[in-house]
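New to this one? Take a moment with the picture first, and then we can walk through it together.

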Amino acid sequence: MRMWRIDGATPRPMSPAALPTENELHQFLRKDPSLLGIPLLVIGSEVPTPYGKRLDLLAVDGDGNLHVLELKRDKTPREVVAQVLDYGSWVSMLSRDDVIDIAEKYLSQPFESAFEEVFGSAPPDELNSELQLTVVASALDASSERIVTYLRSFGVPINAVFFTYIEDDDRRYLARSWLATSVDAPAAAKVKSTSKRAPWNGVDWYVSFGGDRSWEDARRFGFVSAGGGKFYTQTIRAVPEGARIWVYIPQTGYVGVGRTTGPAARFADARVTVDGAAVPLAAQSLRGSYDHADAADDDDDEWVVPVSWIRTVPVSEAYREKGLFANQNSACKLRQEFTLDRLADRFGIHDDQ
């Protein structure tokens with residue numbers, strides 16, 4: 001059994017309290033699915049299905065596997081188990097695009113960004129290769145236990161978890177117990193030790209180019225830039241010379257690919273090539289805004305990376321497709337094969353480039 005202090009202090013001797021309502025459990029898990037003891041990102045709540053019913057919670061783990069979480073509520077044991085199996089049969093058929101579509105209707109940001117915030121990496125190319133079904137209850141009756149245990153004996157990826165309150169004076173704690181654990185049954189909910197995501201190829205980088213910057217400036221003078229705070233400068237400055245960068249304009253799409261020809265430099269010191277000569281970027285006629293006059297230090301300034309473009313397109317021809325990698329960082333390693341394959345096809349890039 002695991003316990004969490006709901007109002008956040010050190011536990012003292014406690015006594016059992018009333019069971020949490022299953023509506024409360026729904027809200028707890030929607031806001032913090034880590035209460036299950038499994039790192040998860042909730043990507044849907046009350047998800048409509050083609051059968052006129054709504055799945056309580058749909059989540060994804062760091063390996064891209066989906067988790068169906070169904071609250072027992074006032075259903076009989078047979079009803080709740082039949083319901084979670086029915087939802088599982090539907091979820092198991094969802095494609096990558098289906099999963100991302102569900103997620104982006106629920107999340108307040110792109111699926112790729114939300115996934116990376118929770119798990120520290122881009123989503124794997126393969127989503128939904130394995131499925132976990134979980135019955136969530138405030139208490140579990142003997143009949144439900146027998147049904148779940150029986151199904152697990154045949155390899156059905158189903159488990160059940162129940163929560164209780166424990167009170168200490170005016171403090172409440174939430175205690176969790178799984179019907180089966182990884183110790184006593186092979187199908188128990190678990191976190192895999194290996195990831196399906198592809199290793200980075202050592203070459204490709206994602207660069208976000210937005211704000212008051214002009215993509216026409218970047219195309220004409222051969223550069224990308226970011227700045228105005230440590231969050232943005234630390235990643236753009238990490239892009240090395242010789243990297244292949246894929247440029248994305250937020251909320252618009254991918255607009256270019258090129259090779260960096262030098263390290264990042266502050267805007268005032270940045271030089272670009274015009275008619276074969278290296279000239280100061282700040283001295284050129286620019287449409288965008290890059291000068292941070294009030295920059296107190298390096299972190300607050302604009303940083304410019306020179307680029308030799310392989311291919312670019314105007315903003316009106318930006319390429320955007322469901323499932324393509326997008327991230328709030330100004331730059332990061334691009335390792336997702338799905339995105340790299342799509343971009344290579346779109347921009348006509350071959351391995352020798």
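What follows is a quick tour, from the whole protein down to a helix pair, another helix and a strand.

**The whole protein**

Keep in mind that this is a predicted model. The protein has eight helices and 17 strands. Of its 353 residues, 49% are buried. If you look at contacts with a separation of 6 or more, 71% of them link residues 24 or more positions apart. On the outside, about 16,800 Å² is exposed, and carbon and sulfur atoms supply 48% of that.

**Two helices that pack**

Now find helix α2 (residues 77–91) and helix α5 (residues 142–153): they pack at an angle of about 35 degrees, and their axes are 9 Å apart. Their crossing is right-handed. From α2, the contact uses Pro77, Arg78, Val81 and Leu85, while α5 brings Ser143, Ser144, Ile147, Val148 and Leu151. Sorted by character, the residues of this contact come out as six nonpolar, two polar and one charged. As for the spacing along a helix, an α-helix has 3.6 residues a turn, so residues three or four places apart point the same way.

**Helix α8 and its neighbours**

Which residues of helix α8 (residues 337–347) are buried? They are Phe338, Thr339, Leu340, Leu343, Ala344 and Phe347. These buried residues pack against α3 (96–106) and against four strands: β9 (204–208), β11 (244–249), β12 (253–260) and β16 (302–312). Just after α8 comes Gly348, with a positive phi of about 65 degrees.

**Strand β9**

One of those neighbours, β9, deserves a closer look. How many of its five residues are buried? The count is five of five, so to speak a strand that is mostly covered. Asp204, Tyr206 and Ser208 point one way from β9, Trp205 and Val207 point the other way, and all are buried. That fits the general pattern: in a regular strand the side chains alternate between the two faces of the sheet.

β9 pairs with both β11 and β17 (residues 331–333). Here is how the two pairings look:

| Partner of β9 | Sense | Bridges | Facing residues |
|---|---|---|---|
| β11 | parallel | five bridges | Trp205 opposite Ile245 |
| β17 | antiparallel | three bridges | Tyr206 with Cys332 |

So β9 ties several parts of this tour together: it runs parallel to β11, antiparallel to β17, and is packed against by the buried residues of α8.

Conventions: Residues numbered from 1 in each chain as written. Predicted model: local features only at pLDDT ≥ 70, side-chain atom pairs only at ≥ 80, totals over all residues. Heavy atoms only, no water. Helix = DSSP H or I, 4+ residues; strand = E, 2+ residues; numbered from the N terminus. Buried < 20%, exposed > 50% of the residue type's maximum accessible area, 1.4 Å probe, protein only. Contact = heavy atoms within 4.5 Å. Areas by Shrake-Rupley, 256 points an atom, 1.4 Å probe, with all protein chains shown as cover. Axes fitted to C-alpha atoms, helices over the stretch in contact; angles between N-to-C directions. Left-handed = near helix turned anticlockwise from the far one by under 90°. Nonpolar A, V, L, I, M, F, W, Y, C, P; charged D, E, K, R; others polar. Pairing = 2+ DSSP bridges.
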